[in-house]
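I opened a new notebook page for this structure. I wanted to look up its aromatic rings, its cysteines and its charges over rings, in that order.

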Amino acid sequence: MPSSPSPSSTLPTPTAASTITTDPPEASTSLSPLPTSPCAASPYLNNAGVVFPYTITSTDNTLLHQGLRAVAREIVPGWATLLPAHPTSVPPSSDDLIVTVISGGITNLLYRLSLSPSLLFTSSASTLTPRDVIVRVYGCNTEVIIDREKENKLFAALSYLGFAPTYWGRFGNGRIEGWLDARPLEPEELAMTGRRGGRERGTEGQEEEEGCVDFVGMIARELARMHGLPVRMEGGKEEGRERGRAVMWEKMQEWACLAKDISFLDGEKGRAKQAQLEAIGLEKLQEEMDWLKGRLLGEGGREGGRETARRFLMEIVFSHQDLLCGNILYNPEWKMKGGGEAGEEEGGRSTPSSTNSALAAGRGQGDGHAAASSAVGTSRKGQGQERGRVQFIDFEYGGWNHRGFDIGNHFCEYAGFDPDYERSYPNQEQQEWFLKAYIEEWRRRVGEDEGGEEQGRGGGKDEGEEEFLEGLYVWVNRYACAAHLFWGYWAVIQARYSPIKFDFLNYASQRLAGYEMFKKKYF
């Protein structure tokens, strides 16, 4: 990867990496470039196949600001005419561009770039030229954990479908995304159902302003919508679904192989880490993974609601796989475009808007403190009016996976960043609230005449429905065991490669203790 050129010099031209297509409900469309967008002249918009070959240097403040300006002028439509290129000798200035560091992440470096309020748009600027964007600079060694090529293709596809922040484009060691003010949820808010008088844990301070928000239902319905997305990559193939393989098993096996070669032997701290690693017992983890895979994917039992639930959760769908509170944004002012119900816009989602977009992410604590999406709000009939809507962000770990893993993994995140699963894991009543909202939305999107039993019909609306719901509860929590193993392996790898000061091995031990607890309780 070339070093950063001076912004005052002739910048490199975009390079083509590979193409990406998505499959909206009506037809498959090439994303290079969008045919109907006013920004169609941009070769970068929603196109992960074009890369601006520029590497931002983050260790020197002057070079950092020059790099942020350079990639923004090249990639963001209209900014080249609004922002002059500063020569190397000129120190950073906020006269026309304001740079704000977004703190809290443990995966990437995030910067909010805002055009100065005094900067007036000219007639040459696009009507969709944004005033704010996010520049994401990838963290050191994160490519060991995250396939950046695949991640960018997924992000661009989701942006095109209107389900993710606007994908403005990528450069050598990062990406530019859309921005809109919003806030991530807190761990305790994941359990809020909006029922008056039944205050969920830790939300007393929000009773007057947000005490009636059904975050559980909002998240469940948004997850059902995401699981129905026709995300296609690599020449139009829906990779995981067509191959019938879930990425969780492949990724865990990959991490298991990496973990075998990890050791910490340098100095006293290294020896202490080595003792932690040996206590984890990697060989036993491999045995547990093989056992769990056999139990989750083995032959089912007798036909009925519980077996239908098992097959439903085993289905391969496009999954987020990291749905912690920091990756769920909320804005009480987001409303449905046109005032209809969610999913009733053209193509089932809203179309991307250059200024109504979001950023985010990371694992553990999230990388963003404020962000939002190109999709707009939702209002449900029959369950009261929802106040605003939620938006998922950070699809770094996204891919095709078992439906049950995405739901079970989300339930594990109720425990927050220092997990106490005995205290904070959702109880059966909370899980059923979530599952009912999820199934309602899934059935509405699939249609009553499609999918049959495999799409979660679960027999009748009485005894069969109750048995189906019971089956969902049992099997979702079994998939939560897989989530514990997944992030346990992840933490072991991070302990070796991440420069972030965080006790990853302790986190691995916490997740694996959760695995043992769940295994005893749900199997």
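How many aromatic pairs does the count come to? I was working with a predicted model, and there the count came to 24 aromatic pairs.

**Entry on Trp-291 and Phe-523.** I looked up this pair and found the ring centres of Trp-291 and Phe-523 5.0 Å apart. Their planes stand at 65°, and an angle over 60 degrees counts as edge-to-face, so I wrote the pair down as edge-to-face. I then asked where the two residues lie in the chain. Trp-291 belongs to helix α9, which covers residues 282-297, while Phe-523 is in the segment after α15 (504-522). The pair therefore ties together parts that are 232 residues apart in sequence. I also checked exposure: Trp-291 is partly exposed at 30% relative accessibility, and Phe-523 is partly exposed with 25%.

**Entry on Tyr-397 and Trp-487.** I looked up a further pair, Tyr-397 with Trp-487, whose ring centres are 5.1 Å apart. The planes are at 80°, so this pair is edge-to-face. Tyr-397 sits in the loop between β13 (389-392) and β14 (399-402), and Trp-487 is part of helix α14, residues 463-497. I noted that the pair ties together parts 90 residues apart in sequence. Are these two residues buried or exposed? Tyr-397 is buried, with a relative accessibility of 6%, and Trp-487 is buried at 0%.

**Entry on the cluster.** I asked which residues form one aromatic cluster with Tyr-397 and Trp-487. The other members are Trp-255, Phe-405, Phe-486, Trp-490, Phe-502, Phe-504 and Tyr-507.

**Entry on cysteines.** I searched for disulfides and found zero in the structure. I took Cys-412 as one case: the nearest cysteine sulfur belongs to Cys-481 and is 8.2 Å away. A disulfide needs the two sulfur atoms within 2.5 Å, so a distance of 8.2 Å does not qualify. Cys-412 is buried, at 2% relative accessibility. I also looked up Cys-257, which is partly exposed with a relative accessible area of 40%.

**Entry on charges over rings.** Which ring does Arg-175 lie over? I found Arg-175 over the face of Phe-155, 4.3 Å from the ring centre. I then looked up Arg-403, and its charged end sits over the ring of Trp-442, at 4.3 Å from the centre. I closed the page there.

How values were computed
Residues are numbered from 1 along each chain as its sequence is written. This is a predicted model: local features need pLDDT of at least 70, side-chain atom pairs count only at pLDDT 80 or more; totals for chains, interfaces and linings use all residues. Side-chain values use heavy atoms; hydrogens and water are left out. Buried means under 20% relative accessible area, exposed over 50%, partly exposed in between (1.4 Å probe, protein chains only). Rings of Phe, Tyr and Trp (its six-membered ring) pair if their centres lie within 6.5 Å; planes under 30 degrees apart count as stacked, over 60 as edge-to-face and the rest as tilted. Helices (H or I, at least four residues) and strands (E, at least two) are DSSP runs, numbered from the N terminus. A charge sits over a ring if NZ of Lys or CZ of Arg is within 6 Å of the ring centre and within 35 degrees of the ring normal.
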